[in-house]
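Colleague: Hi! Could you walk me through this one? I'm new to reading structures.
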Amino acid sequence: MGEMEKRATYSYGPERNGVKLAIGCVISTVVFYILLFIVSVCVNITEWITIIQVGYWILMVVCAVCAGISILCKTKQELKILDTEVHYLYGVLIKYKISIPTSKILFCQFNKSLLQRAFGLSTLGICTASDKYEIYFVDIKNGEEAYRTIMDMIK
């Protein structure tokens, strides 16, 4: 039996989460310095300001690294559409693969939030006979194209 013909591969788009991370860092920095100013007016903390600022920046770096690792893990997601199957591949250290024959797909759900529209991303859900989404892909690039391809296959 020959290899199934690959129609298309779609991947995760990290742009939206990168922007959310940057905005969150800016907002938390502004709030931190406003609170630091208010506290310094009420209480004499001049001796502690350097320690407080160093602690804050260490916390910011740890949070940014954790968020970056989370975004990196999501970039390892792929949706492969073949002629007779749909494969969802994900995982960094351990690779997972969910395969669904197109004959088992009941319908697809496709939507875009306002922020997803700004970055050309969308959400795609694939429902099987078990009435639950076997594949639920958030922030997929070219999701509308993937949706149309799957819907054409299951007609």
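Modeller: Happy to! One term to start with: two strands pair if DSSP finds at least two bridges between them. Helices (H or I, at least four residues) and strands (E, at least two) are DSSP runs, numbered from the N terminus. This is a predicted model, where local features need pLDDT of at least 70, side-chain atom pairs count only at pLDDT 80 or more, and totals for chains, interfaces and linings use all residues. Residues are numbered from 1 along each chain as its sequence is written, and side-chain values use heavy atoms, with hydrogens and water left out.

Colleague: Great. What joins E3 and E4?
Modeller: They form a hairpin with five residues between them. In that turn, Gly91 has a positive phi of about 115 degrees. E3 and E4 (residues 96-101) run antiparallel and are joined by six bridges, with Glu85 opposite Pro101 in E4.

Colleague: And how many bridges join E2 to E3?
Modeller: Four, between E2 (residues 78-82) and E3 (residues 85-90), and these strands run antiparallel too. Glu78 stands opposite Leu89 in E3, and the hairpin from E2 to E3 goes through two residues.

Colleague: Where is Thr102?
Modeller: In the loop between E4 and strand E5 (105-111).

Colleague: Is Thr102 buried or exposed?
Modeller: Thr102 counts as buried because its relative accessible area is 14%. Buried means under 20%, exposed over 50%, and partly exposed in between (1.4 Å probe, protein chains only).

Colleague: Which residues is Thr102 in contact with?
Modeller: Leaving aside neighbours within four places in sequence, the contacts (heavy atoms within 4.5 Å) are Asp83, Thr84, Glu85, Val86, Met153 and Ile154.

Colleague: New topic: which residues of H4 are buried?
Modeller: Gly143, Ala146, Thr149, Ile150 and Met153. They cover an arc of only 125 degrees around the axis, so they sit on the same side of H4. That arc is taken from the directions from the helix axis to the C-beta atoms.

Colleague: Why would that happen in a helix?
Modeller: An α-helix has 3.6 residues a turn, so residues three or four places apart point the same way.

Colleague: What should the twelve residues of H4 span?
Modeller: 16 Å for residues 143-154, and the end C-alpha atoms are 17 Å apart, which agrees. The expected span is 1.5 Å times one less than the number of residues.

Colleague: And how many residues has H1?
Modeller: H1 (residues 15-42) has 28 residues and reaches 41 Å from first C-alpha to last, close to the 40 Å expected. Its buried residues include Thr29, Phe32 and Leu36.
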